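Here are a few exercises to work through with the coordinates open. Try each task before you read its solution.

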Amino acid sequence: MDILENMSKQELKDRITDNVKTLSRKKIQSASPTEIYEALAFTIRDVVTDKWIATHEAYDEQNPKTVYYLSMEFLMGRFLGNTIINLCMSPQVKEVLEELGVDYNLIEDAERDPGLGNGGLGRLAACFLDSLSTLEMPAYGCGIRYHYGIFSQKIENGEQVEYSDNWLEDGDIWGVKRPEYAVEVKFGGTVAPMKQIDGSLRYYHQNYQSVMAIPYDYPVIGFNTNTVNTLRLWDANPKNQFDLASFNQGNYSKAVEEENLARTLSEVLYPADDHVSGKELRLKQQYFFISATLQRVLTRFREKHKDFKKLPEKVVFQLNDTHPSMAVAELMRILLDEYGLDWDAAWDITRRTCAYTNHTIMSEALEKWPVEIFSRLLPRIYMITDEINRRFCIALKERYGNDAEKLRKMAIIADGQVRMAHLAIVGSFSVNGVAALHTEILKNQELKDFYDIYPEKFNNKTNGITQRRWLALCNPGLASLISNTIGQGWLKNLDELQKLKPLADDRAFQEKFMGVKRENKVKMSNLIRSTMGVSVDPDSIFDIQVKRLHEYKRQLLNILNVMDLYNQLRLNPNLDVTPRTFIFGAKAAASYRRAKLIIKLINSVGDVVNNDKALGGKLKVLFMENYRVSLAEKLIPSADLSEQISTASKEASGTGNMKFMLNGALTIGTLDGANVEILEEVGKDNIFIFGLTSDQVIKLYQTNEYQPWDVCNMNSNVNMVMTQLINGTFSPGKPDQFRELYDALLNGYGGSRADEYFILKDFESYSDAQARVNKAFKDKKCWAKSAILNTASSGKFSSDRTIKEYSGEIWKLNPVHIG
């Protein structure tokens with residue numbers, strides 16, 4: 001029986017108040033927002049749990065093919081609000097809380113963001129899980145239950161400072177510990193062969209260290225459906241809690257050795273890897289969750305099937321980028337060593353069970369591990385990978401002869417490194433890119449050698465986002481306007497938004513649409529004033545760039561343009577410039593010095609600009625600290641302009657561009673990633689495109705003809721902002737503070753080529769595009785039309801569409817309806 005359909009408003013109210021009393025020993029009138037949040041979360045979880053149990057009972061009975069989505073990160077965002085939206089309980093919950101005298105927004109804000117992800121990779125995984133449940137597809141998300149996330153970012157003296165993000169400090173309401181499914185994961189030691197009765201060899205791991213992997217399950221409910229899939233996150237526990245004998249002998253470090261190993265594995269996402277210990281920990285983390293997941297999946301498979309040849313009919317492992325690539329070798333290990341299959345049978349099963357998504361062409365993201373570290377920490381996995389490589393190289397020689405350079409480029413193990421992307425490609429039946437342009441670059445450039453051998457493996461699946469979180473939840477005003485205008489069908493079929501296109505010229509609808517936008521901008525202005533002490537004009541252009549800080553994403557280009565605009569206003573205070581509020585949000589990897597220096601520059605420019613009264617408030621620059629999902633949910637609905645300005649050919653897809661578009665922001669961007677497809681959907685009059693194309697960028701890399709000094713010498717605006725990087729304009733008393741940025745752009749620094757990401761090359765084109773933005777925003781009717789058309793044209797970019805393509809074309813899943 002469905003609890004929701006049979007729960008009256010009074011019953012819901014009683015459950016919440018009873019839970020407050022049980023959990024906090026208080027009446028609701030005296031309970032804190034956090035205590036009421038916990039009571040409400042337990043109430044909602046009761047609703048979800050019945051559906052969750054029913055879902056997995058149906059899966060056990062029907063035994064459908066299931067996808068296991070393997071990812072180092074799942075940037076889920078807060079659970080409560082999204083779960084209430086997907087249960088279609090939002091009106092009831094808000095009404096009940098209002099009657100209890102409780103502000104729903106305060107309760108929602110009491111939940112901490114789970115520290116389980118960092119950027120687009122993790123947020124995409126979260127959107128995919130939402131869509132899989134909504135489409136009733138059998139699925140698990142599989143990763144690590146990080147105790148401290150990546151880090152909590154504070155801005156101190158304009159600089160990023162990392163603090164631990166103890167998101168589990170107040171407990172874990174949504175996670176369910178499943179110790180009955182614990183498995184052992186082994187590291188180090190040696191591998192020894194042992195002859196079997198039939199004469200075959202089996203390999204045994206000995207003298208190893210190990211931890212116990214304990215799963216915690218989190219519910220992922222679909223929208224307006226009874227399906228509740230599972231996000232399974234593995235935590236590490238010591239196999240033996242405490243070695244008392246070693247302790248009593250005075251060997252105190254050995255006494256807690258296993259405990260320390262376990263603790264470090266699940267402490268932090270992406271530990272700094274600029275030292276050997278960091279590299280070792282990252283490798284261990286990847287193997288930890290892969291081995292735990294595969295062991296459990298195969299045990300479960302074995303409970304229902306005796307013949308492993310059926311594994312590809314029931315299981316598919318989707319590798320979300322290169323981090324899970326060792327699933328190929330680990331699956332081989334389990335089939336060979338634990339179940340006794342021969343190599344050919346195991347390899348055939350593996351290659352029909354694993355599928356690989358490539359999310360980048362950035363070389364540093366195509367992981368390569370030193371052989372010394374890999375073979376020492378994972379000796380059996382290395383042996384298997386080495387054998388896969390040996391057989392692959394034999395096949396290459398048969399195809400290309402003794403072409404040493406071809407073998408070196410394509411080998412899985414070469415130049416003292418294990419190339420994880422190559423292992424994933426060779427060991428998978430599908431290799432997909434995540435935007436049309438990205439996939440073409442993979443096929444024709446970055447992975448061309450593999451495409452020549454395996455053209456049938458390569459395909460494109462353009463990324464998407466879930467409209468439930470990124471419109472219904474984060475922008476209730478716009479969601480309500482849309483539903484009142486065209487109905488609620490868009491919540492499950494985003495193509496329904498096309499019905500808004502005829503209203504793009506309707507003056508009454510424009511006023512309502514832009515009225516919602518202004519309300520969101522006022523809310524953001526209030527948040528900025530309360531948290532940063534800066535007053536911003538809600539009628540200014542809200543120009544927003546929020547994403548992971550990396551040089552190729554070109555936050556530096558953005559802030560250099562701000563410096564140029566500031567210079568123009570200082571020279572001519574009467575310059576016809578629409579007031580502009582530039583908002584940045586980004587985390588830089590803890591060991592990424594130059595990215596952190598860009599954050600410092602942004603804040604330093606903000607300090608000067610925001611305190612210059614001569615500007616008359618025409619320009620404001622803000623860096624909002626600790627960018628995370630809950631902050632994105634506030635920022636994105638308030639944006640007028642979405643900065644998607646990566647160097648062409650570098651961004652695989654992007655999903656922030658889609659979120660902004662869905663919420664009625666216009667894009668300023670390069671022809672990179674999914675921007676190309678956004679242009680196709682929205683039309684050239686409703687987007688601001690600038691800069692080099694991917695072909696032009698690739699050619700400049702190949703010819704090495706570009707000289708950034710030429711740009712600096714020929715463009716006086718560029719020359720001025722470059723000079724200001726080293727003359728103390730934005731760093732009084734410290735003229736050399738930004739010298740590294742100056743050198744990186746003009747001379748090259750630390751082994752990189754000068755202006756590696758073509759910031760100065762694209763500066764003039766970007767500046768011209770920003771001038772077009774300034775002019776367009778003055779025509780309120782035309783801007784409103786373009787904003788509406790952006791929302792109306794975003795149907796393609798639903799993760800529901802993406803998951804339908806994955807399910808139908810790669811995974812071959814069938815929906816399981818839960819009655």
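**Exercise 1.** Find which loop holds D321, then work out its phi and whether the residue is buried or exposed.

*Solution.* Keep in mind that you're working on a predicted model.
- Step 1: place the residue. D321 sits in the loop that links β11 (315-320) to α12 (327-338).
- Step 2: check the backbone. Phi of D321 is near 80 degrees, so we have a positive value in a residue other than glycine.
- Step 3: look at accessibility. The relative accessible area of D321 is 6%. Buried means under 20%, so D321 is buried.

**Exercise 2.** Do the same for E136: where does it lie, what is its phi, and why does it count as buried?

*Solution.*
- Step 1: the loop. E136 falls between α6 (120-134) and β2 (139-144).
- Step 2: the backbone. Though E136 is not a glycine, its phi is positive, at about 65 degrees.
- Step 3: the accessibility. E136 comes out at 16% relative accessibility, and because the cut-off for buried is under 20%, it counts as buried.

**Exercise 3.** How many disulfides does the model have, and why are C142 and C393 not part of one?

*Solution.*
- Step 1: recall the chemistry. A disulfide is a covalent bond between the sulfur atoms of two cysteines.
- Step 2: set the cut-off. The two sulfur atoms must be within 2.5 Å.
- Step 3: test C142. Its closest cysteine sulfur belongs to C354 and is 13 Å away, so that is too far for a bond. C142 is buried, at 2% relative accessible area.
- Step 4: test C393. Here too the closest cysteine sulfur is in C354, but the distance is 20 Å, which is again too far for a bond. C393 is buried as well, with a relative accessible area of 13%.
- Step 5: count. The total is zero disulfides.

**Exercise 4.** Map the surroundings of D449: which helix is it in, and which side chains make polar contacts with its own?

*Solution.*
- Step 1: the helix. D449 belongs to α19, residues 448-453.
- Step 2: the accessibility. With a relative accessible area of 15%, D449 is buried.
- Step 3: the neighbours. Skip residues within four places in sequence, and D449 is in contact with Y400, K406, K409 and M410.
- Step 4: the polar contacts. The side chain of D449 makes one with the side chain of K406 at 3.1 Å. It makes another with the side chain of K409, at 3.3 Å.

How values were computed
Residues are numbered from 1 along each chain as its sequence is written. This is a predicted model: local features need pLDDT of at least 70, side-chain atom pairs count only at pLDDT 80 or more; totals for chains, interfaces and linings use all residues. Side-chain values use heavy atoms; hydrogens and water are left out. Helices (H or I, at least four residues) and strands (E, at least two) are DSSP runs, numbered from the N terminus. Buried means under 20% relative accessible area, exposed over 50%, partly exposed in between (1.4 Å probe, protein chains only). A polar contact is a pair of N or O atoms within 3.5 Å; within protein, one must be able to donate a hydrogen and the other to accept it, and residues adjacent in sequence count only if both atoms are side-chain atoms. Contact means heavy atoms within 4.5 Å.
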